[in-house]
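I opened my notebook for a friendly look around this one. Here is what I looked up, in the order I went.

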Amino acid sequence: MNATNERTLLGFPYVIMSEDILASLTEVQRQAASHIDGPLLMIAGPGSGKTRVVTHRIAYMISQDVNPSNILALTFTNKAAQEMRLRIERLVSAPGYWMGTFHGFCARILRQHGNLVGLAENFTILDSKDSKQALKRAIDATNIQLTHTSADSIAWEISNAKSNLLTPEEYQTSSTNSYSALTDVTRKASPAYEKYLLRSNSVDFDDLLLHVAVILRDNPELRAQLDDRYRYIMVDEYQDTNLAQYAIVHALSLNNQNLSVTGDPDQSIYAWRGANISNIREFEKDYPTAKVVHLEQNYRSTGKILRTADELIAHNRHRKPKKLFTDNAAGEPVRLVCFGHPNDEAAAIAQRIAAEVKRGERNYKDFAIFFRVNAFSRPLERALRSQNPKIPFQIVRGLEFLKRKEVKDIIAYLHLVNNPANNVAFERIVNMPPRGIGKTTLGHLRNHAERYQLTMLEACREAGMIETLSKRAAAAISRFVTLIDVFTTSVHLPLGDLIIEIVDNCGFTNYLEKIDAKTGEDRSANVDELINEAREFQQHFDEDKATDADLDDAASAKNQTDLEAFLEQVALVSEVDGFDQDTNKVLMMSLHAAKGLEFPSVFIVGVEHGILPHERSMDDDRSLEEERRLLFVGITRAEQQLQISYCQRRTFRGQTRIASPSQFLYELPRDDMRCTLPAGGLASIGNHPNSDFEPTADYFEPDQSDHDALATEEIEAKLQQAQAILEQAGDHESQQPAPKIDHLANELAAMTNITTAADLLASTDSKSSQNNTAKQIALADFEQGMLVAHQRYGSGVIVSISGSGDKRTATIKFLDQQQRKFRLAFAPLMYMDT
DNA sequence: TATTATCCAATTTTT
DNA sequence: TTGGATAATA
């Protein structure tokens, strides 16, 4: 039976055969992709073509006449969803299936059915900072003592409880195995916080999931209806789902058990925020009839990279043993390198990237640099910037500007307009920019709101009736209310215009200009960017509305206002969403953000004790193993090249401290790697706290299996070229020693473009920054394969270069066939710019 | 009330 | 090193 799918291309209908969709898959992949009905578990190792299978499977289902609107595909990030949607579109034309993140999906359900838990449809999604702020307010309002705990840890505790499907009420009685100050305070704070949120018509991230889980539990008829609506559910990264997500997925798969999950226990890296590996480990118990497919062959990495990953992860004891394998070539050895300081580490990486790009071997976008903590990006940024030419890079930290104060302030205005009950937004902007509504005034307002169960904005409307308020304060408040009312009437304006109106009329523009003029910042630029962002969003959104117009779904985008959709998107963007892998830039990101991506060449920096594994994750086995998985994830992102490095010193919160290599480095197959370590290897570090290892010598040293080496023939050819130039210059005794060669060097200087780093240094004051730049340019200009002249030894060719700054060292082979090493900053060297 | 000064804290990973 | 929160001052 050949089900078919009709599409139109340039207006002509044509037909895709179902077989075509599966044709490009391997046998195992096809087994998974062609399984439509009934539960399916796909254990997919790194680089095993998981995304490929998932996308082909969806395309296949649609080609088999599964109604797209019955398909629900849940991913971890918006980016993953986007990527999949794109790939599906290449296979089959089928609008109408839902693909997105858990949180996005839940937001959508709540917009429709939130009334069941006390939410109006225009509810606000608070980001973690806002929700922490809300928590603090709630705690303040209930005079709870924060002895021995902090708002932070309470927030953490509440979040954990919610991820584990404990509603605030259930948390009260939950048998947390032992009494602790934290649970005690949390039991008091949590209901207050919950009330605060509900009265603000707001939810935090965890609520999105928890509310939906509760709705599904308490409303059988609605549950059944949704179960039927989403008959085919697939979940990506299932190893990273928490209990709330588990409950949601299962509640929607009772009547129609067409649940397919994909994941890899070895890539579970979110247990710290409630992800539950047993969700995937016990899928077969939950669904005894599940078809299980293992994708183990790796199509991404070289043999050596894969072996490195495999040996590392084998050290995890709580794990079902499995062997990764590939048919790919063994490839270059994985590099394991020690550096003295993060600056050296960064400089070496920058040089390596610059060199490979210059040689035309790679593009900038082929490189990615991973770190355990975001703070480690600083030295790398500096190093990439200081290369000549600058190395373009992008740090994957989402739309970072959305977190800036001024931007969040404006967004808070939007929130208040969209959801007048939003007390969090109210508190944020009621006196921003300052308009005479201070602490005491606010206190009175809060009291009033509390007494009469009003929102803050409602309380403001009654300011005239609050006796405790001064006339002056009441007037300020009433001006504020008017302002918000005016904005509210403009809500129909295009988003960009709405923002402009707000910014101009509430005095924000002037306020920012004043600050910018004073501090030299450019906050106004961030506001402009927000306006652009909003306009761009609206354009896409309206286009989507046009294409989705045929959907019968009442909750589809068309019913949501642009403003609300924009605010929702802003709340749910993640770090990994905001970058474009196609622009030609080096990417830098945390190891967590790297999940799901792949790059030809990968650097992992700062693999040090207390960093990876992180010191807060070293105490128990479970979290230690998660750290190991994190490194595993990083390693398996690499296709062809991988470098893992650590430093002997590390500058942290202003102070430089001794660092030591991560225990994980001892678990790698070092016999098969190219190690550039101090004498004594990894273990040597502790013995020499003051050592300052510079991997100058071996790091860039020729290596036969490595194309970094300049081939012998190439060296000879270059030397002959040098000889020829010399002869042309009329000097037939070029291999003579010193004095004559001085003369030769002068002649060379006359006939070619020659630069001497030493000259530059001599002629300038090395303290001036300008001259430092000149020096760097000169130093960076020396590169492998260049013809050079040395005052003493004559002409030669650069075989390899290593090190950075004053320590940048060239290995040069001269006409006398001798190799010598020089510090470029000091050697009397010139190069020929040919 | 607003602005500045000072101190203090914390600083893993993120929807 | 940063930001955030509080204290002091105009």
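Entry one. I began with a side chain and its polar partners: a polar atom of the Thr 326 side chain sits 2.7 Å from the backbone oxygen of Asn 298. I keep in mind that this is a predicted model. On the other side of my list, the backbone nitrogen of Asn 328 lies 3.0 Å from a polar atom of the Thr 326 side chain.

Entry two. I then asked myself where Thr 326 is found. Strand E12, residues 325–326, holds Thr 326. Is Thr 326 buried or exposed? I noted it as buried, because its relative accessibility is 18% and the cut-off for buried is under 20%.

Entry three. I looked up what Thr 326 touches, leaving out residues up to four places away in sequence. My list reads Asn 298, Ser 301, Thr 302, Gly 303 and Leu 306, and Asn 298 is also the residue whose backbone oxygen I noted above.

Entry four. Next came the nonpolar cores. The largest has 53 residues, and Phe 426, Phe 480 and Leu 530 have the most contacts inside it. I followed Leu 530: neighbours within four places in sequence aside, it contacts Phe 401, Leu 402, Val 407, Ile 410, Ile 411, Ile 499 and Phe 566.

Entry five. I finished with a helix pair. H5 (residues 102–113) and H26 (residues 562–572) pack at about 145 degrees, their axes 11 Å apart, and the crossing is right-handed. From H5, His 103, Gly 104, Ala 107 and Arg 111 make the contact; from H26, Glu 564, Glu 568 and Leu 572 do. By class I wrote down two nonpolar, two polar and three charged residues for this contact.

Technical notes:
Residues numbered from 1 in each chain as written. Chains lettered and ligands numbered in written order. Predicted model: local features only at pLDDT ≥ 70, side-chain atom pairs only at ≥ 80, totals over all residues. Heavy atoms only, no water. Axes fitted to C-alpha atoms, helices over the stretch in contact; angles between N-to-C directions. Helix = DSSP H or I, 4+ residues; strand = E, 2+ residues; numbered from the N terminus. Left-handed = near helix turned anticlockwise from the far one by under 90°. Contact = heavy atoms within 4.5 Å. Nonpolar A, V, L, I, M, F, W, Y, C, P; charged D, E, K, R; others polar. Buried < 20%, exposed > 50% of the residue type's maximum accessible area, 1.4 Å probe, protein only. Polar contact = N/O pair within 3.5 Å; in protein donor to acceptor, adjacent residues only side chain to side chain. Core = buried A, V, L, I, M, F, W, Y, C linked by side-chain atoms within 4.5 Å.
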